[in-house]
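Here is a friendly walk through one model, taken a few residues at a time. Have the viewer open and follow along.

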Amino acid sequence: MTTSLSNNEPTFQKIVRLLRWHKPAGRLILMLPALWATVAASKSQHHLPPLNLLIVVILGSLATSAAGCVINDIWDLDIDPMVDRTKNRPLAERSLSIQVGIAVLLVSGLCAFLLSTYLNPLSFGLCFAAVPVIVIYPACKRFFAVPQLVLSIAWGFTVLIPWSAVTGGLDRHAWELWIAVIAWTMGFDTIYAMSDRSDDMRVGIKSSALFFGRYVTFAIAIFLAITLGCLVWLGLEIQLGYTHYFACLTSAVIWIWQCNRLNQAEIPSELYQKAFGQNVWIGFIILAGMLPSTLGFG
């Protein structure tokens, strides 16, 4: 049932909530790997990141994230009302019509398409290859034991698209960063999924947090260790410098703290959101570590 607050809320604000623009962490955590790739690929080519490409990457990630949010909420139209964390989303509470949702999806999809036309043929093709993965992900939680893996693959395109836009191809360095982002996404989204375990079991939704069961914290630690290893290896290969290694060390300390807290018998409910937010800051830390040598200061 639509709340009185939602009844009095302007349509524009409902669309903002539909796109999760009131929660920038989810938008930033998609944008940051794309920026890693743009910066690291530029370093591997010994030139500065192209400003026009950076703009396309930032706007493209926002448009893609917007489309992904609407697709997710359309798929979960009848599930979200049964989950405490999602029951107040505009489509779930029926305060925004499905027709408006589809219109917003078409606009955000058109924006993403127009931005992709700036890219070279390989990058443009990768944009189209990402679409079915983005579309199918929300459905996977109904039949695939680890739907976060599908999400991680979708996230991985945020590396492949800008890397190929900078270099014109996909070398081994691109795939090293791709593995890092796949593993990082598996780690932080499994943490995120831990907060929904009771609702997911009741509704019948699958997630990596349920799949790994009592070993979920160990699995998260493995994913984050793979992320760290790939980032350090990439840094060594393309000579990202000491600031990159310091950023990796800082990230490792935060990840160790997170896994230690997640391994407690009693986990405060706010810890999951806190850990997710910390991973956004980790994304900024890693980006900041890559920048000095790319800009010629290290």
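## A guided look at selected side chains

Let us begin with Glu93, which sits in the loop between helix H4 (51–75) and helix H5 (98–116). Keep in mind that this is a predicted model. Although Glu93 is a loop residue, it counts as buried, because its relative accessibility is 4% and the cut-off for buried is under 20%. Its side chain joins that of Arg17 through a polar contact of 2.9 Å. For a sense of the surroundings, Glu93 and Asp78 are 15 residues apart in sequence, and their C-alpha atoms are 9.8 Å apart in space.

A second polar side chain worth a visit is Gln258, which belongs to helix H12 (residues 242–262). With 1% relative accessibility, Gln258 is buried. What does the side chain of Gln258 reach at 3.1 Å? It is the backbone oxygen of Ala275.

Now to the aromatic residues. The model has 13 aromatic pairs, among them the pair of Trp175 and Trp178, with ring centres 5.3 Å apart and planes at 80°. That angle makes the pair edge-to-face, because the planes are over 60 degrees apart. Both residues lie in helix H8 (residues 172–194), and because they are three residues apart, about one helical turn separates them. Trp175 is partly exposed at 35% relative accessible area, and Trp178 is also partly exposed, at 25%.

Another pair is formed by Tyr192 and Phe276, whose ring centres are 4.8 Å apart with planes at 45°, so this pair is tilted. Tyr192 is in helix H8 and Phe276 in helix H13 (residues 270–294), so the pair ties together parts that are 84 residues apart in sequence. Phe276 itself is buried, at 10% relative accessibility. Tyr192 and Phe276 also belong to one aromatic cluster, together with Trp36, Trp155, Trp184 and Phe188.

The two pairs can be set next to each other:

| Pair | Distance of ring centres | Angle of planes | Class |
|---|---|---|---|
| Trp175 and Trp178 | 5.3 Å | 80° | edge-to-face |
| Tyr192 and Phe276 | 4.8 Å | 45° | tilted |

Next come the cysteines. How many disulfides does the model contain? The count is zero. Cys140 is in no disulfide, and the nearest cysteine sulfur, that of Cys69, lies 17 Å away. A disulfide would need the two sulfur atoms within 2.5 Å. Cys140 is buried, with a relative accessible area of 5%. Cys248 is likewise in no disulfide, with the sulfur of Cys230 as its nearest cysteine sulfur, 11 Å away. Cys248 is buried too, at 2% relative accessibility.

Finally, turn to the surface. Which residues make the nonpolar surface patch of about 490 Å²? They are Ile179, Tyr215, Phe218, Ile222 and Ile226. Helix H11 (residues 216–238) gives the largest share of this patch, three residues. Tyr215 has its place in the loop between helix H10 (208–211) and H11.

To recap, the buried side chain of Glu93 meets Arg17 in a polar contact, and the buried Gln258 reaches the backbone of Ala275. Among the aromatic residues, Tyr192 and Phe276 link helix H8 with helix H13. On the outside, the nonpolar patch draws its largest share from helix H11.

Notes:
Residues numbered from 1 in each chain as written. Predicted model: local features only at pLDDT ≥ 70, side-chain atom pairs only at ≥ 80, totals over all residues. Heavy atoms only, no water. Patch = residues over 30% accessible without salt bridge, like charges linked within 9 Å, V, L, I, M, F, W, Y side chains within 5 Å. Areas by Shrake-Rupley, 256 points an atom, 1.4 Å probe, with all protein chains shown as cover. Salt bridge = Lys/Arg side-chain N within 4 Å of Asp/Glu carboxyl O. Helix = DSSP H or I, 4+ residues; strand = E, 2+ residues; numbered from the N terminus. Buried < 20%, exposed > 50% of the residue type's maximum accessible area, 1.4 Å probe, protein only. Polar contact = N/O pair within 3.5 Å; in protein donor to acceptor, adjacent residues only side chain to side chain. Phe/Tyr/Trp six-rings, centres within 6.5 Å; stacked < 30°, edge-to-face > 60°.
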